[in-house]
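Student: I would like a close look at a single part of this model, with enough of its surroundings to place it. Please choose a part that can be followed through its partners and contacts.

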Amino acid sequence: MRGWRPATEEALYGPRGFYRRPEGPAGHFRTSVHASPLFAGAVARLLRLVDAALAHPAELAFVDLGAGRGELVGAVLKALPAEVASRARGYAVERAARPAGLDHRIEWLPEPPQGVSGLLFANEWLDNVPVDVVEVDAHGVPRLVLVAADGTESLGEPVGGADARWLEKWWPLTDTTDGRPPAEGLRAEIGLPRDTAWASAVATLGRGLAVAVDYGHSAGARPPFGTLTGFREGRETAPVPDGSRDITAHVALDACALPGGRLLSQREALRALGVSGERPSLALASTDPAAYVRALAGAGEAAELTARGGLGDFCWLTQAAGIPNPLPDPDSDPNADPDPDPDPDPKQPST
């Protein structure tokens, strides 16, 4: 038996790992990228805002971190106006092999390029950065959870060192309001590897904006029994580290945030980028029925991307590097949708 972090690493990214399977992630769960082309259109608009903040550089980078099969980067490049597209360069960062037929303008890399200027976009990447799991034992001591290949668990050594310090700061299991030891069975995921991975990703940008999009939770609202789960063939399932399924856990994005980072919901971010689920005027139905049908379909897709209790509750962490953050601040818009601290649902099963 071993900890969940090395077990997940092998199950997802080993020679026969889940993310090296030919069907790719889209065969098992549905992300915002797969839900609607409106998502790629919004990301393309964000890239144009970054381009303007960079004063229209000769080469504008779009780095798709955790690219799957390159769906997002390909769609973003296609959504750009000709003048911007002529300067844009796409990078797909993924451990799996380059898929056949991918746009020749996209460079396929195992690690982010260094020193580029543009937009680095990590959609549902951090949730698949493997983490260890801890559980409180009968004496109130947080211990490392060990797991076998069939998913059987047992408790290992007490947590110590940097992991213990991270838990104490970001997901404390040792303090209770009445001074008693924490209850047996409480669990947490140690997010330190994700903090490190995000800081390293942001550091690759010369100038621009880095964005992480994931389902997450914040201090004061951590789930008491953790969030580790699996996805296989369109359904949520037990997290078994045998390479047959995705293994994922929600992200403590507030811990990942670097100085100057901004957290907001996907609903807020997409509305700031012009994606709205508002239905078209009925008057359009009488003057241009075909346009009304198209607008109605687009409103339905936008509503899915921004829905409460679904994709709209995903968290966006934005981090500017050498430029002001170009994403409009929803707090400055009196008509912006107010959003409490989100604790969204997991990945949407594929359909």
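Tutor: The answer below starts with the chain as a whole, turns to one strand, and then follows side-chain pairs elsewhere.

The model is predicted. Its mean pLDDT is 86, and 79% of the residues score at least 70. Residues 334-346 fall below 50, although this stretch still has 34 contacts in the model beyond near neighbours in sequence. The chain holds eleven helices and 17 strands. Of its 351 residues, 53% are buried. Taking contacts between residues at least 6 apart in sequence, 75% join residues at least 24 apart. The accessible surface is about 15300 Å², and carbon and sulfur atoms account for 54% of that area.

The part chosen is strand S16, residues 315-321. Six of its seven residues are buried, so the strand is largely enclosed by the rest of the structure. Strand S16 pairs with strand S11 (residues 205-214), the two running antiparallel and joined by seven bridges. Within this pairing, Thr318 of S16 stands opposite Val211. Strand S16 also pairs with strand S15 (residues 262-265), again in the antiparallel sense, over four bridges. Here Trp316 of S16 has Leu264 opposite. As background, side chains in a regular strand alternate between the two faces of the sheet.

Trp316 also has an aromatic partner, best read beside the other ring pairs. The structure holds six aromatic pairs. One of them is Tyr13 with Tyr19, a stacked pair with centres 5.7 Å apart and 20 degrees between the planes. Tyr13 is buried, its relative accessible area being 11%, and Tyr19 is buried at 7%. The pair formed by Phe121 and Trp316 has another geometry: the ring centres are 5.5 Å apart and the planes stand at 80 degrees, so this pair is edge-to-face. Phe121 belongs to strand S6 (residues 116-123) and Trp316 to strand S16, so the pair ties together parts 195 residues apart in sequence. Both Phe121 and Trp316 are buried. Strand S16 thereby has strand pairings with S11 and S15, and a ring contact from Trp316 to Phe121 in S6. Back among the tyrosines, Tyr13 and Tyr19 form one aromatic cluster with Phe18.

Charged pairs give a second set of links along the chain. Side chains of opposite charge can pair when their charged atoms come close. The count here is 13 salt bridges. One of them joins Arg89 and Glu59, with an N to O distance of 3.8 Å. This bridge links distant parts of the chain, since Arg89 sits in strand S4 (residues 88-93) and Glu59 in the loop between H3 and S3, 30 residues apart. Arg89 is partly exposed at 34% relative accessibility, and Glu59 is likewise partly exposed, at 39%.

Another bridge joins Arg187 and Glu135, whose closest N and O atoms are 2.9 Å apart. It too connects distant parts of the chain: Arg187 lies in strand S10 (residues 187-189) and Glu135 in strand S7 (residues 133-136), 52 residues apart. Arg187 is buried, with a relative accessible area of 14%. Glu135 has a value of 19% and counts as buried because the class covers anything under 20%.

A third bridge pairs Asp137 with Arg143 at 2.6 Å, N to O. Asp137 is buried at 8% relative accessible area, whereas Arg143 is partly exposed at 24%. Elsewhere, Asp51, Glu83 and Arg87 are joined into one network by salt bridges that share partners.

The loop that carries Glu59 also has unusual backbone angles to check. Ala55 lies in this loop, between helix H3 (37-53) and strand S3 (60-65). Its phi is positive, about 65 degrees, although the residue is not a glycine. The side of the chain at Ala55 is open to solvent in the sense that the residue is exposed, with a relative accessible area of 58%. His56 is in the loop between H3 and S3 as well, and has a positive phi of about 55 degrees, again without being a glycine.

How values were computed. Residues numbered from 1 in each chain as written. Heavy atoms only, no water. Buried < 20%, exposed > 50% of the residue type's maximum accessible area, 1.4 Å probe, protein only. Salt bridge = Lys/Arg side-chain N within 4 Å of Asp/Glu carboxyl O. pLDDT = per-residue confidence, 0-100. Contact = heavy atoms within 4.5 Å. Areas by Shrake-Rupley, 256 points an atom, 1.4 Å probe, with all protein chains shown as cover. Pairing = 2+ DSSP bridges. Phe/Tyr/Trp six-rings, centres within 6.5 Å; stacked < 30°, edge-to-face > 60°.
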